[in-house]
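Q: Please take a close look at one single part of this structure, and then work outwards from it to the rest. What can be said about its surroundings?

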Amino acid sequence: MKEGQDWIYTDIVKDHFLNPRNFLMGDESKFKYDAVGLVGNPICGDQMKMFIKVNDDKIIDLRWKTYGCASAIASTSALSELAKGKSLDEALKISAKDIDDYLGNLPKHKFHCSVLGHEALADAIKNYREAKKKA
Amino acid sequence: MSRRLTYLDYAATVPLISEVREAMHEAEEKFFANASALHTPGHLAMNEIEECREILAGLIGASSEEIIFTSGASESNNTVIRTFEGHQIETSDLEHHSIIETAQVYRGDKLPKLYSYMLVNNEIGEILKLPKVSGEKFTDWDLFKKKTEWGKLVFTEQKKEYLHSDLTQALGKIPIDVKELGLDYATFSAHKIGGPIGVGALYVRKGVPLKPLIIGGNQEGKRRGGTYNTVGIIGFKTALKKVIEERSWKKFDTSVRGLRDLLAKRILEEIPGSSLNTDLRRGKSLPNILNVSFRAAEGESIQLYLDTEGIIVSTGSACAAGDIKPSHVLMAKTGDAEVAHSSIRFSFGLENTMEDVERVMEVLPDVIRRLQGISTL
């Protein structure tokens, strides 16, 4: 915890946890996506799913779902903001460190287990490209 | 925060009782002297300590000389386990880490053997059956055979098996009689009954071996060195007096049980995907602990959403503890990591009211609905 801060995470993390952006509530079919990616597993306590809508090799919209702790929710929310509007190649370059920097740094022990969203995004992009190849 | 906290983490620590705070504040001025000193201020401080010893002994069915003051339950637990260094030590996966990890380091294969089992499980509140240990004599004794520099060894009884129990969570909530439980050692802590953090006690039955953990000084009959924490012990004494005056175990069994059971009922009725990890039946669990899992909602997230609403609970989820593994207790009980990650412990105290149950039920259903709604599961 940083000095003077009364919550376990930074204000940015708190904001993304309390007011997550771009999440998909309830039924997945409510969002018309082109590809989906998955990472993590509930046994470890964190799992993320990323749904992307692509046009002209660009992520024009995306949604996510997360089972996990506050930093998992906040980091997936932050990633969704970082990835929106980016080309697929640019989106693939988003790293865990980028997410951590955006959030003003998570506690170290959280970083490894809860910043996984970029892997779900990479999985979605891979699935999108594979499906496109087959089509 | 303008709203009053809805504090439901009494099993972790009980807020300092106001009488305790006052007594400690007064003691800081009045009983400042070193209690080991022979002068009058020292003697007066010692009187207070001895009174606390008598009160605790009376409450648990022991005699005063069988009580040693420590810095808390972890020290008490460490003292017992390390007394049996190199010996067989049997314990369970449900114990506090100060038992499990200490036993891992110090156990061996010699006899006599130590059994260490807590009476009440911290996380789900389950009341456990203590093992019956054999009273058989053991003559091939080598525990403390040689004279040590730690002071005289005060055991006279040589048994094949000894029994320790961590009674930290049980004290004040259910009646305790160390003799009836057949205990050789028992651990207590002040802050679980509204006393200060940093004070604990160890019951050491007369005649059983004890190897001091803190060496140096004549305090506690050479069983625990270090200047007496007079102010803390006075806080402990005041909290113990309150337990006895109010017969707090009766209140826990009636009004606190009522609140706990009502919350359980409402959660099951109003929150889909909820399941109880605590067996609510009388005699099966402490009346103030309720552990619940919520399908597809992770514990730390639940805890922190509640926290922002001023509702204070704990979780067995890995994330909250700064660990990578979920609660070892819930894993041992359920064998299901998902259930452990999704668990919340509500633990009540004597100050809780119906309003607290109402407040939880105002907030919790929405929190769970939201988390389940965005969950991948």
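A: A residue counts as exposed if 12 or fewer other C-beta atoms lie within 10 Å of its own C-beta atom, and as buried if there are 20 or more. The model looked at here is a predicted one. The part chosen is Asp366(B), which has 12 other C-beta atoms within 10 Å and is therefore exposed. Asp366(B) belongs to helix 11 of chain B, a helix that covers residues 354–374. Ser275(B) is 91 residues away from Asp366(B) along the chain, and 17 Å separate the C-alpha atoms of these two residues.

The next step is from the residue to its domain. The domain assignment splits chain B into domain 1, residues 18–245, and domain 2, residues 247–374. Between the C-alpha centres of these two domains there are 30 Å. The two domains of chain B touch: 16 residues of domain 1 are in contact with 22 residues of domain 2. On the domain 1 side of this contact, seven residues are nonpolar, five are polar and four are charged.

Helix 11 also leads to the other chain. Together with helix 8 (299–308) and helix 10 (337–341), helix 11 of chain B is one of the elements that give two or more residues to the side touching chain A. Helix 8 of chain B gives the most to that side, namely four residues. In total, 20 residues of chain B are in contact with 21 residues of chain A. The chain B side of this interface is made up of nine nonpolar, eight polar and three charged residues.

Further along chain B there is a sheet to consider. In general, the strands of a sheet are paired by backbone hydrogen bonds, in a parallel or an antiparallel sense. Chain B has an open sheet of six strands with mixed pairing, and the strand order is 2-7-6-5-4-3. Strand 2 (67–70) and strand 3 (87–91) of chain B each have a single partner strand, so each has one side without a neighbour in the sheet. On average, neighbouring strands of this sheet are turned by 20° against each other, with direction ignored. Within the sheet, strand 5 (161–166) and strand 6 (185–189) of chain B are parallel and share three bridges. Asp166(B) has Thr187(B) of strand 6 of chain B opposite it.

Helices lie across this sheet. Helix 2 of chain B, residues 40–60, lies across strands 2, 6 and 7 of chain B, at about 120° to strand 2. Helix 4 of chain B, residues 97–106, lies across strands 3, 4 and 5 of chain B and makes about 150° with strand 3.

Chain A, the partner of chain B, has an open sheet of three strands in the order 1-2-3, with antiparallel pairing. The edge strands of chain A are strand 1 (35–41) and strand 3 (58–67), which pair on one side only. Neighbouring strands of the chain A sheet are turned by 15° on average, direction ignored. Strand 1 and strand 2 (46–55) of chain A run antiparallel and are joined by seven bridges. Val36(A) has Phe51(A) as its bridge partner in strand 2 of chain A. Helix 2 of chain A, residues 70–83, packs on this sheet and touches strands 2 and 3, with its direction at about 175° to that of strand 3.

Note on methods: Residues numbered from 1 in each chain as written. Chains lettered and ligands numbered in written order. Predicted model: local features only at pLDDT ≥ 70, side-chain atom pairs only at ≥ 80, totals over all residues. Pairing = 2+ DSSP bridges. Axes fitted to C-alpha atoms, helices over the stretch in contact; angles between N-to-C directions. Contact = placed C-beta atoms within 7 Å. Nonpolar A, V, L, I, M, F, W, Y, C, P; charged D, E, K, R; others polar. Domains from an automatic or database assignment.
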